Amino acid sequence: PSQKYKPYTPLVLNDRQWPSNSLTNVPIWLSTDLRDGNQALANPMTVEQKTTFFRQLVKCGVKQIEVAYPAASETDFQFVRGLIENNEVPDDVWIQVLTPAREDLIRRTIDSVAGAKHAILHMYNATSPTFREVVFRSSKEQTIKLAVEHTKIVRQLTEECTAKYGTVFKYEYSPETFTQTEPEYALEVCEAVKAAWGKAGTGDDRIIFNLPSTVEIAPPNHYADQIENFCRNISEREKIIISLHPHNDRGTAIASAELGMLAGGDRIEGCFFGNGERTGNVDLVNLALNFYSQGINPGLDFSDIQSVIDVVTQCNDLPVHPRHPYAGELVFTAFSGSHQDAIKKGFEVQKIRHAQAAAQGEPQYWNIPYLPIDPADLGQDYEAVIRVNSQSGKGGIAFLIKQHLHLDLPRKMQVLFYQVVQAIADKEAREMTVDDITTAFRRTYKFGGSKYAGRLVLRNFRISTERGDDPAEFSGDDAPDERRRFDGTLSVDGVYRVIRGDGNGPLSALLDALRTHLDIDYTIRDYIEHSLSVGFNGQSGQADIAIGEGTEVVAASYVELLYEVEGSKKRSAWGVATDTDITASGIKAVLNAVGVMGVALGQ
C-alpha cells in the first residue's frame, strides 16, 4: 500500500547553480569508521582492532578521523586515551570525538582528548519535526536553546583544556536529521550556534557545520538543492566548512556526496567500503577513486587496496561484496566473450599508443574498454581481468594464453582452441580457471615439455645444404635454388627412429622425411612465426611479445598441416612450439601438429 508513504517536498530553487559545476577540488576527508561504523557492528571492535584500523586510516592518508563516542563506554574512552598516550596520532592528523548536547557527556568527551595535539569536538542535536515532536517533545525554540547553551559550554571547556594541556580544538555542529528539517529552520539553528561559538574565522578557524542525510529520504538532486540553499543563505560563508554525511538508505550515497560537493560541500564524512547504520554511510574508497578515475589525485592512497580490504574485513567482520566498486573481486573481471575481445584489443592498441605518446613526450592516458581504471594502480594484477566460462569468447581465451604462455595465437587457431575450451566448460558447467585453460592448451597442442609430449618428439637434427646440379654450369641468376636435407632422430611412440628427407627448406625436408620413413603425407597450409621475450610490461600487465626485445629472444612457430582423408576430403591440425633456434621451433611445431592429428604412423 504505497499510499501510506508521503513523498518528499521538493525545494523551490529555480536558479540552482550546482548542475553546471564540475568536481575539480578534493574534499576534506573524515573517516567515521571507528565511531559511526563501529556502532553499527553486531560485535563492536576491540581496542586492538580499533587501533589496527586507525593505523590503516593513517597509512591511507586520512587526516581527520572520528575515533569514538567517548562518553558512551569506558572502552571507547580508554581507546582515545590510548591513542594519545601511546603517540599513535601523527602531528598532521586531527582526531574527532562525538557528543550529544549534554553537559556531563561533553565534559567526559573533552577529558578523553586532553593532551592531544589537534582535536575536533563534534556536538549534535536532532532538529527535524519528527524528532522535535515525537522523540524529544521540544519546540523549535527549545531545540535552538539546547544547541546554543551547549555550544557555549563546549567553548568554555575547550578553552580550559587548551589552556591546561595545549590541545587545539575545532568545533563541529550537526543539526541531526538535517535533510528532514525545514530548510529555513536548519539555517536558523546554525546561525544561532555560530553566534554562540563566537570564534568562527577564516582558514583554520572555520566552524564546521555537518549537514547529514541521517536517513536518506529523497533523490540525490534534492540533497544538492538543500546544500546549495544552505550555502547560499548562511551568513559569513567564508568562515564555515560545510561537511556532508550521506547515508545510503536509497542506495545513492555516492551520488548525494558528489552532487552535494557540486552544491558547495567542502568535507565528506564516511566509512571505508560504506559501513554504517542500516545500509551504511557513503563509501570513502569508492568516492576517492571516482576522483582518481577523472585524473584528480584524491589525497588518499589505495595503491595496495587488498591490504585495506584485509584490515577492514578483519576489524568489521563484514565481507566486501564481489561486485563492490573498485574493491570487489569481480569488478575488473570479464566473462563475456565480446567484452573479453574488446579488452584484449584495448591492451594491444594501448601498448602502441603509449609508445607513440612516450616518444612525443605526451601523456600516456589509460583507455581500455570496460576497465575505467587500471587495476595495477590499486596493487591488483591482471590475473582476473579475463575469466572464462561457457559465455566467454575466443578473444578472452587468447588473451589468457598470451598473458600466461606468451603465445600470440593466429586467429584460426584461436577459433579451434575456443571450441576446445567451450566443450570443457559445457561439460564441467563451471568457470574455467587459468590453470584449466593453459593445461587444456598444453594437452591439445602437445606444448610444454615431456609431460605433454605427443607421439613424435624431436631428439636431434641437422640441416645441411646440397645442390642437385654442378654449380660450375651456372652463374648469376641462372643458379638453381639450394636444397635442404633434414637428418634427425625422433622418438616415435617411445622408439627412436632415424629419418632423412630433402626439400627446398627445413620444414619441407622434414615433411619429406616423415613421408619416406613414417608414411605420413602432410602439406603445410599455414606457417606463422614471431620472436618473443618474456618480460613484464608495467603499462599492459602482460608479457611483452615483440621482435628483438629482451636479452634472450625466443622463437614461437605456428604450423597448420593439411592431409587428405577419404579421397579428396581435407583435414587440418595446428601445432605450436617455441625454441631459441627458429628452425628447431618450426620443426617441433610440425611434429606437434602431427601429434594433434592422431593418425596411424608407418613402421
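1. A good place to start is the β10–β11 hairpin: two residues sit between the strands, and D493 there has a positive phi near 50 degrees. Strands here are DSSP E runs of at least two residues, and helices are H or I runs of at least four, both numbered from the N terminus.

2. Before going on, keep in mind that this is a predicted model, with local features needing pLDDT of at least 70, side-chain atom pairs counting only at pLDDT 80 or more, and totals for chains, interfaces and linings using all residues. Residues are numbered from 1 along each chain as its sequence is written, and side-chain values use heavy atoms, leaving out hydrogens and water.

3. β10 (residues 483–492) has a partner in β11 (residues 495–503): the two run antiparallel and share nine bridges, with L490 bridged to R497 in β11. β10 also pairs antiparallel with β9 (residues 456–466) over 10 bridges, and V457 faces S491 of β10. Pairing takes at least two DSSP bridges.

4. Is β10 mostly covered or not? Seven of its 10 residues are buried, meaning under 20% relative accessible area with a 1.4 Å probe, protein chains only.

5. Now the packing. The largest nonpolar core (buried Ala, Val, Leu, Ile, Met, Phe, Trp, Tyr and Cys joined through side-chain atoms within 4.5 Å) has 123 residues, and V67, F209, F272, L407 and F441 have the most contacts inside it. Helix α7 (residues 183–197) gives this core its largest share, eight residues.

6. A separate second core has 27 residues, including F486, A513, A593 and V594.

Note on methods: Buried < 20%, exposed > 50% of the residue type's maximum accessible area, 1.4 Å probe, protein only.
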